[in-house]
Amino acid sequence: MPPRNIRRNHSSRRRNSDELSDQYGNFRNYFYSAILATFCFVMFREFLLMRKAHANNPLTLIGKDSASDIYQKRAELMERLTKRDTSIEHGSRPVMYTFFEWIHPREREMGVPDDASESFIIEWKAAWKAAGWEPIVLSLANAKKHPQFDKFYERLMKIPMPDINGYPSRLNRLTYLRWLAVAAVGGGFMSDYDVFPLSQAPKTSDLPYQGKFSVFCKLHQPTNAGVPCLMSGNANEWTRVAMALLESGELNGNVRKGWSDMLAMIDLRNSGTYSLYDRVFHGNEMPTPVASADECKLLEGKNAIRFPLSRFPPKGALIDRPIMIRRFLGSWSKSCTPAGQL
């Protein structure tokens, strides 16, 4: 039998070995836990970055919770709206363009539903057609055909845009891209689809003012500022002004913490970038929704009238906007004298 002190030393070494083994095991567990935590943090950060990139991208046409049937509905809607009117021989009339691109309802101002947007654009087409124009709806697909689209888009994505309903605004970025869409099809007239004619189309397809860029919606405060709701110019002019608006956003977007083509128009009001004419009446200034003989004075010299969303009751009545506008235009044609041509 070994001496007691040898047995005691052996037991002590075994305890030390067990303690070292436990410490190693604890260290190994801590090490693996740290690796797992780091991995989870990196993956979560990547997820947030991807989500932010997805939300900021106007080319991503639907939200992150969309399904394939939404793609299908979106495609069908865009096909219906951008289809040309075959009853009009192309080139026989001056063209009036507008721009529309589907975005997720939660990112729309006032949450306008698809059927309300479609019925409004159909009414826009009917009104401009009746006034002697060929109305055509452009989309993002047209903008992407512009030779400078990629560089323009890359710069545009760096400009902060104000949020709508807490989501980064694709709408404001799309308003920039519409300028390239008109340039890509050769320039011409473009109106917002809430702008309706109060005069007949010119008898020629020649652009006014030798094709120089002209804005026909005037903002009264601040003075001499244009509203991009009805404009004209040749293709080079549309590209030139689009670049000026982009540069304005690059200079001012970070300062204002949000930018838009409307703010850029105000910023450039005294720069000589565009010529300004007061030819569009803003419908929210109309005392009643039906034109009377007395109210015709308000419309003297105006070639068009704009009916912004604020002119109508919220949500529930949006689908009724075309009926209200049709009623107004009908009463105007009976009571008022049309202005001269644009």
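**Exercise 1.** In this predicted model, work out which handedness the crossing of α5 and α6 has, and how the two helices are oriented to each other.

*Solution.* Start with the handedness: α5 goes past α6 in a right-handed crossing. Next, look at the axes. Those of α5 (residues 149-156) and α6 (residues 170-184) come within 11 Å, and they cross at roughly 160°. Angles over 145 degrees count as roughly antiparallel, so α5 ends up roughly antiparallel to α6.

**Exercise 2.** Find out which residues make the contact between α5 and α6, and sort them into nonpolar, polar and charged.

*Solution.* Take one helix at a time. On the α5 side you'll find Phe 149, Phe 152 and Leu 156. The α6 side brings in Arg 173, Tyr 176, Leu 177 and Leu 180. Now sort them: six are nonpolar, none is polar and one is charged.

**Exercise 3.** Lay out the open sheet that holds β4, β11 and β10, and say which strands stand at the edges.

*Solution.* First the order: the three strands run β4-β11-β10, and the pairing is mixed. Then the edges: β4 (195-197) and β10 (280-282) each have a single partner strand, so each has one side with no neighbour in the sheet. As for twist, neighbouring strands here are turned by 25° against each other on average, ignoring direction.

**Exercise 4.** Now zoom in on β10 and β11: how many bridges join them, and what stands opposite Val 280?

*Solution.* Count the bridges: three of them join β10 to β11 (residues 304-306), and the two strands run parallel. For the residue pair, Val 280 sits opposite Ala 304 in β11.

Definitions and conventions
Residues numbered from 1 in each chain as written. Predicted model: local features only at pLDDT ≥ 70, side-chain atom pairs only at ≥ 80, totals over all residues. Heavy atoms only, no water. Axes fitted to C-alpha atoms, helices over the stretch in contact; angles between N-to-C directions. Helix = DSSP H or I, 4+ residues; strand = E, 2+ residues; numbered from the N terminus. Parallel < 35°, antiparallel > 145°, perpendicular 65-115°, else oblique. Left-handed = near helix turned anticlockwise from the far one by under 90°. Contact = heavy atoms within 4.5 Å. Nonpolar A, V, L, I, M, F, W, Y, C, P; charged D, E, K, R; others polar. Pairing = 2+ DSSP bridges.
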